[in-house]
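Open the model in your viewer and keep the sequence panel beside it. The tour goes from one selection to the next.

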Amino acid sequence: MKSRIILMAAAALLCLTVSAQPAKQSRPGKYIDFEAVQPDGKVMKLSDYVGKGKYILVDFWASWCGPCREEIPNMKDIYYEFRGEKFDIVGAPVMDKPENTLKAVDELKIPWTQILSVPESVPAAYGFDYIPYIILVGPDGTILETNLRGDGIRAAVKKHLGIK
């Protein structure tokens with residue numbers, strides 16, 4: 001029990017530490033593909049969704065991360081407002097066990113696709129060491145915005161969809 005409390009406190013501290021990191025600048029560039037074996041054995045790739053003609057918001061998050069969970073209601077509002085032919089969201093849980101992610105998806109009623117078991121190399125490949133880390137990728141696979149949070153997510157989506 002004591003070790004579980006210590007582990008929970010350490011996870012909370014990590015979440016607070018990583019969410020307080022300075023913002024990175026938006027940087028253009030092509031997205032970096034990755035693949036992950038799902039619990040059912042199916043292989044999913046980011047390229048299954050990105051670079052296919054839609055704007056895709058990619059949410060790097062974890063079930064144990066408080067700031068990640070706090071961002072979900074905002075993301076759900078954006079998802080329901082803009083999803084369709086031009087826009088979608090894909091979750092990419094990092095540093096998380098698939099069963100914990102699936103439990104959080106159920107608890108939080110997250111409706112968008114999740115690529116479970118994201119490789120440990122992905123955060124370094126994308127240049128982040130904190131979560132949530134949310135990026136907007138254009139229809140051609142170009143990263144348009146990085147480190148989006150709060151109202152900045154909606155503003156970026158509206159800007160790139162050409163909505164005032």
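Select F128 to begin: at 5% relative accessibility, F128 counts as buried (buried means under 20% relative accessible area, exposed over 50% and partly exposed in between, with a 1.4 Å probe and protein chains only). This is a predicted model, in which local features need pLDDT of at least 70 and side-chain atom pairs count only at pLDDT 80 or more, while totals for chains, interfaces and linings use all residues. Residues are numbered from 1 along each chain as its sequence is written, and side-chain values use heavy atoms, with hydrogens and water left out.

Now add F60, which is buried with a relative accessible area of 0%.

**Aromatic pairs**

The structure holds 8 aromatic pairs (rings of Phe, Tyr and Trp, the last by its six-membered ring, pair if their centres lie within 6.5 Å; planes under 30 degrees apart count as stacked, over 60 as edge-to-face and the rest as tilted). One of them is F60 with F128, a tilted pair at 5.0 Å centre to centre and 40° between the planes. F60 lies in strand β3 and F128 in the loop between α4 (122–126) and β6 (133–137), so the pair ties together parts that are 68 residues apart in sequence. Helices (H or I, at least four residues) and strands (E, at least two) are DSSP runs, numbered from the N terminus.

Next, select Y79 and W112: their ring centres are 5.6 Å apart and their planes are at 55°, so this pair is tilted. Y79 sits in helix α2 and W112 in the loop between α3 and β5, 33 residues apart. Both Y79 and W112 are buried.

To see an aromatic cluster, select F60, Y126, F128, Y130 and Y133, which form one.

**Strand β4 and its neighbours**

Select residues 87–93, strand β4: is this strand mostly covered or mostly open? It is mostly covered, with 6 of its 7 residues buried.

Add β3 (residues 55–61), which pairs with β4 in the parallel sense over 7 bridges (two strands pair if DSSP finds at least two bridges between them). Look for W61, whose bridge partner in β4 is P93. Then show helix α2 (residues 66–82): β3, α2 and β4 make a right-handed β-α-β unit. Right-handed means that, with the strands pointing away from the viewer, the path from the first strand over the helix to the second runs clockwise.

Last, select β5 (residues 113–114), which pairs with β4 in the parallel sense over 2 bridges. The bridge partner of G91 in β5 is Q114. Add helix α3 (residues 98–108), and β4, α3 and β5 make a right-handed β-α-β unit.
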